[in-house]
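Trainee: Please take one part of this model and walk me through it closely. I would like the strands near the end of the chain, with their surroundings.

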Amino acid sequence: AVTAAAFTSSREVDNIAHRGGSALAPENTIAACALAMAQGADVCEFDIQQTKDHQLILMHDQTLARTTNVEQVFPRRSPWRVSDFTLAEIRRLDAGSWFSPRFRGEGVPTLAQGLQAMSHSKVGLLLEVKHAPSSPDIDKRVAAELQEARTEWGDERLAVQAFDWRAMRTFHHMRPHIPISLLGKPPADRLSELAGYVKGINLPHAGLTAEYVKKAHKQGMKVYTGTTHKPAVIRRLMSYGVDGIMTNRPRRLANVKLRL
Ligand code: G3P
Ligand code: CA
């Protein structure tokens, strides 16, 4: 089994449950990550947003509408922006029923709860910071919470990623021990310049080539890609030597790995 090898030096490709494995269970919940692990995920990818009272929660969208019952609980608060709600209010929401009645009562986790719930497992966490004008201090807060979690998590099972590369450079200076991945596709000729603070590139699989993977590896960077559960695509990406594949269906990826 690969233990959060996204952040170490495994030869095996990491099975990364995108948003915690969003085809199996409500995305960005602890239930999703637990199920993903049971189905072969090595790493859970989670998204981080900040509430009105500066608490960090696991949530993809900038609004609560799609993945909670906020419209029923707070009908007059349209457009239900995360940044307009306090954590106490968000704790009243159900983040599971929209997906299936089986997940009724699943809450919106805080980052701290996600870290706590998974700390005794073998899973790694790839934490995406969702930057928004309403939360300019989100990186500082993520850095502080990850510092608190360092004793339990060590330096090899957590990584942070974002589309905002400049913010990630600053984050690196705050917490140099935490590996940083950039979302997007830096031009190959910029990789050496980024290598000072970047440990991984996370880019869409369409357009990814074996040559790009080789160039990133030459700079000491990991390559993560996805999102897919299609066996032919997974095999192609593995033939390039990628380090991790993001999927909403970790069992499918685990099965492809088993058959190789
Ligand atoms: O593929 C990386 C992914 O996590 C970024 O997209 O929208 O699912 O957060 P999104
Ligand atoms: Ca994400």
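Mentor: Start with a pair of residues: Thr225 stands opposite Ile245 in β9. This is a predicted model. Another such pair joins these strands, with Gly226 opposite Met246 in β9. In total, 3 bridges link strand β8, residues 222-226, to β9, and the two run parallel. Between them the chain passes through helix α10, residues 231-239, in a right-handed β-α-β crossover.

Look at β8 itself. Its residues split over two faces: Lys222, Tyr224 and Gly226 lie on one side. Val223 and Thr225 lie on the other side, and both faces are covered. In a regular strand, side chains alternate between the two faces of the sheet. In β8, 5 of the 5 residues are buried, so the strand is largely enclosed by the rest of the structure. The cut-off for buried is 20 or more other C-beta atoms within 10 Å of the residue's own.

β8 has another neighbour. Strand β7, residues 200-204, runs parallel to β8, with 5 bridges between them. Within that pairing, Asn202 stands opposite Tyr224. The connection is again a right-handed β-α-β unit, made of β7, helix α9 (residues 210-218) and β8.

Now go to β9, residues 244-247. Gly244 and Met246 point one way, while Ile245 and Thr247 point the other way. All of these residues are buried. β9 also pairs with strand β1, residues 14-17, in the parallel sense over 4 bridges. There, Asp14 has Gly244 as its bridge partner.

The loop before β9 is worth a stop. Gly241 lies there, between α10 and β9. Gly241 is partly exposed, with 14 other C-beta atoms within 10 Å. Measure from Gly241 to Asp139, 102 residues apart along the chain, and the C-alpha atoms are separated by 31 Å.

After β9, turn to helix α11, residues 250-259. Its buried residues are Pro250, Leu253 and Val256. They cover an arc of only 125° around the axis, which puts them on the same side of α11. The face turned away from that buried side carries the exposed residues Leu258 and Arg259.

Several of these strand residues also line ligand 1. Its surrounding residues include Asn202, Gly226 and Met246. Thr227 and Leu183 are also among them. So are His18, Arg19, Glu45, Asp47, His60 and Glu128. By class, the shell has 2 nonpolar, 5 polar and 4 charged residues.

Finally, the wider frame. An unreviewed UniProt entry annotates residues 13-257 as "domain: GP-PDE". Over residues 13-257 the chain is 33% helix and 18% strand. The end C-alpha atoms of that stretch are 8 Å apart.

Terms used:
Residues are numbered from 1 along each chain as its sequence is written. Chains are lettered from A and ligands numbered from 1 in the order in which they are written. This is a predicted model: local features need pLDDT of at least 70, side-chain atom pairs count only at pLDDT 80 or more; totals for chains, interfaces and linings use all residues. A residue is near a molecule or strand if its C-beta atom, placed from the backbone, lies within 6 Å of it. Ala, Val, Leu, Ile, Met, Phe, Trp, Tyr, Cys and Pro count as nonpolar, Asp, Glu, Lys and Arg as charged, and the others, Gly among them, as polar. UniProt positions are given in the numbering used here, feature names are shortened, and annotations may be inferred rather than shown by experiment. A residue is buried if 20 or more other C-beta atoms lie within 10 Å of its own, exposed if 12 or fewer, and partly exposed in between; C-beta atoms are placed from the backbone. Two strands pair if DSSP finds at least two bridges between them. A crossover is right-handed if, with the strands pointing away from the viewer, the path from the first strand over the helix to the second runs clockwise. The arc is that of the directions from the helix axis to the C-beta atoms.
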